[in-house]
Amino acid sequence: MKKIAVVLLLSLFVCPAVMGKPKPTPQTFLNVTWNKFKASGPELKQIGWIATKHSKDIQSSSWSVGCETLDRDYAKFSVYKGYVGQLGVKHARLQSGWAKCEKEKGVYDFVWLDECVYGLNEQKVKPWICLCYGNPIYKSTLDLGAGLAPVVHSKETLDAWLKYVEATVNRYKDTVNEWEIWNEPFRQEKDYAALLQPTAELIKKLQPNSVVLVTEYGCTRPVLDELKTQGKLDLVDYWIYHPYSLNPDQGNGEGFRKLVQSYSPKYRIYQGEAGCPSALEWTHAMAFYPWTEYSQAKWDLRRMASDHMRGIPTSVFTIIDLRYTNMLQSFGLIRSNLLHQLIYKRPAYYGVQHMAGFFDDTVKIVGELKHKSNSPRKTTVAGFQKDGKSVVLVWYSDKIPSDDLKWDPVDLTIKGAAFQDPVYVEMITGKVFEIAKSTWKTEGENTTFSQLPLWDSPIMIAERSQVEMTKDVKD
């Protein structure tokens, strides 16, 4: 009897269903930081939450999210597929995975990539594909640096690469027209130039309406010089840069844009990969800094706001944590575990969702606005217009984002922005607040706010009529 009693007692601990409670699934884990974000806020009267939009409900925008590394199985597309459309972005970056598609010479298996390309497309998210990396069956590697040289130094390997590019472009050209050539060539300017020219020429031949994107990584000027020498500058449409800096307001792309446009005024730049860890990491970009889910959310939104103010298309890295061979990376808007299971959406996910949902292509870019304030901190004011009415994003831009959930009361005059009935939106949580009439006034084209709550993450001021709201509490 005693043995039976012990077994029954233990079963209550190991089998939650015995107690009438369902076994926890990854989606049920508590997101402590998100709850703290929702419980915080400026000392204003909340009147609602900004409504979110699915990608299907947005006609066009320049926002992208990273769906990279599926070619190396660092994540599973099926785990987060539905969360891409919910995010409200209109573009997503994939990596084509030569080695995963061609495991036997001349035989291509695109089943896994079909799932990604068409799975995004059915959500009205347009895939753009980075053609990469090497292939061991042709004595190249999957390494983004070391894998490049063997491709261009062997005629057999280069020919095989071009055949693979041809097969990929032909397969997806009805869905994809934006092709990035390789990723981060790490100062291998000669080898990269040797890969770029024949690859771009082939893409343009196969798909005349294609857009070719070139990744910048320490070899831009030499590659530009080589294209100019060969009379091939027209092969490239976008130049991509990856600005991983501790302060997201640094590396704003202006110098890079000036450089590439000195070769061709038609050139445009694309912030093709940048994001922030949510924990202290010991390798990869932005390592050895004590990041948290608080600072990650602020970083991602400041990067987005800074880019968008300058008219630079932006891709947020990355939709989900990636299980690399040596670590589980923490850049994801979605937290995952070592089994590739989804744990929860991080605060950054909601922040990106709010930015993408509001700032579609119906919102016109004005640029950085002049302003005056009594704050000792450097403040950025980004100006936009929606339906001919002013919209601004305001944030502290002088330091690395903090973990603080507090706002400073600031007297702020914004020049070139006139408001009639403004509301205040905290863009991470999506909370919408009233701005008391006694605390602001518009004179001509300028508006002055008294004791406006500011912090080191973007807040939005827009007309009440422009902000679609819901009374629902965010999950």
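This is a chat about the salt bridges and the largest pocket of a predicted model.

Me: How many salt bridges are there in this one?

Reply: The count comes to 22 salt bridges in this predicted model, and one of them joins the side chains of Glu273 and Arg93, with an N to O distance of 2.7 Å.

Me: Where do Glu273 and Arg93 sit in the fold?

Reply: Glu273 belongs to strand 8 (residues 268-274) and Arg93 to strand 3 (residues 91-95), so their salt bridge ties together parts that are 180 residues apart in sequence.

Me: And is that pair buried or exposed?

Reply: Glu273 counts as buried because its relative accessibility is 8%, which falls under the 20% cut-off, and Arg93, at 0%, counts as buried too.

Me: What else are those two joined to through salt bridges?

Reply: Salt bridges with shared partners put Arg93 and Glu273 into one network together with Glu68 and Glu180.

Me: OK, what about Glu156, which residue does it pair with?

Reply: Glu156 forms a salt bridge with Lys105, and their closest N and O atoms are 3.0 Å apart. Glu156 is in helix 7 (residues 155-172), while Lys105 is in the loop between helix 4 (98-101) and helix 5 (111-121), so this pair ties together parts that are 51 residues apart in sequence.

Me: How accessible are Glu156 and Lys105?

Reply: Glu156 counts as partly exposed, at 47% relative accessibility, and Lys105 is likewise partly exposed, with a relative accessible area of 46%.

Me: Which residue does Asp398 meet in a salt bridge?

Reply: The side chain of Asp398 meets that of Arg377, at 2.8 Å from N to O. This pair links distant parts of the chain, 21 residues apart, with Asp398 in the loop between strand 15 (389-396) and strand 16 (408-415) and Arg377 in the loop between strand 13 (371-373) and strand 14 (379-386). Asp398 itself is partly exposed, with a relative accessible area of 29%.

Me: Changing topic, how much space lies in the largest pocket?

Reply: The space in the largest pocket is about 460 Å³.

Me: Which residues lie nearest its centre?

Reply: Of the 24 residues that line the largest pocket, Leu144, Glu184, Glu273, His284 and Tyr324 lie nearest its centre. Glu273 is also the residue that meets Arg93 in a salt bridge.

Me: What's the lining like by class?

Reply: The lining of the largest pocket has eleven nonpolar residues, along with seven polar and six charged ones.

How values were computed:
Residues are numbered from 1 along each chain as its sequence is written. This is a predicted model: local features need pLDDT of at least 70, side-chain atom pairs count only at pLDDT 80 or more; totals for chains, interfaces and linings use all residues. Side-chain values use heavy atoms; hydrogens and water are left out. A salt bridge is a side-chain nitrogen of Lys or Arg within 4 Å of a carboxyl oxygen of Asp or Glu. Helices (H or I, at least four residues) and strands (E, at least two) are DSSP runs, numbered from the N terminus. Buried means under 20% relative accessible area, exposed over 50%, partly exposed in between (1.4 Å probe, protein chains only). On a 1 Å grid over the protein atoms alone, a cavity is a set of points where a 1.4 Å probe fits but cannot get out, and a pocket is an open set with protein on both sides within 12 Å along at least five of seven lines; lining residues have an atom within 4 Å of a point. Grid points are joined across faces, edges and corners, and a volume is the space filled by probe spheres set on the points. Ala, Val, Leu, Ile, Met, Phe, Trp, Tyr, Cys and Pro count as nonpolar, Asp, Glu, Lys and Arg as charged, and the others, Gly among them, as polar.
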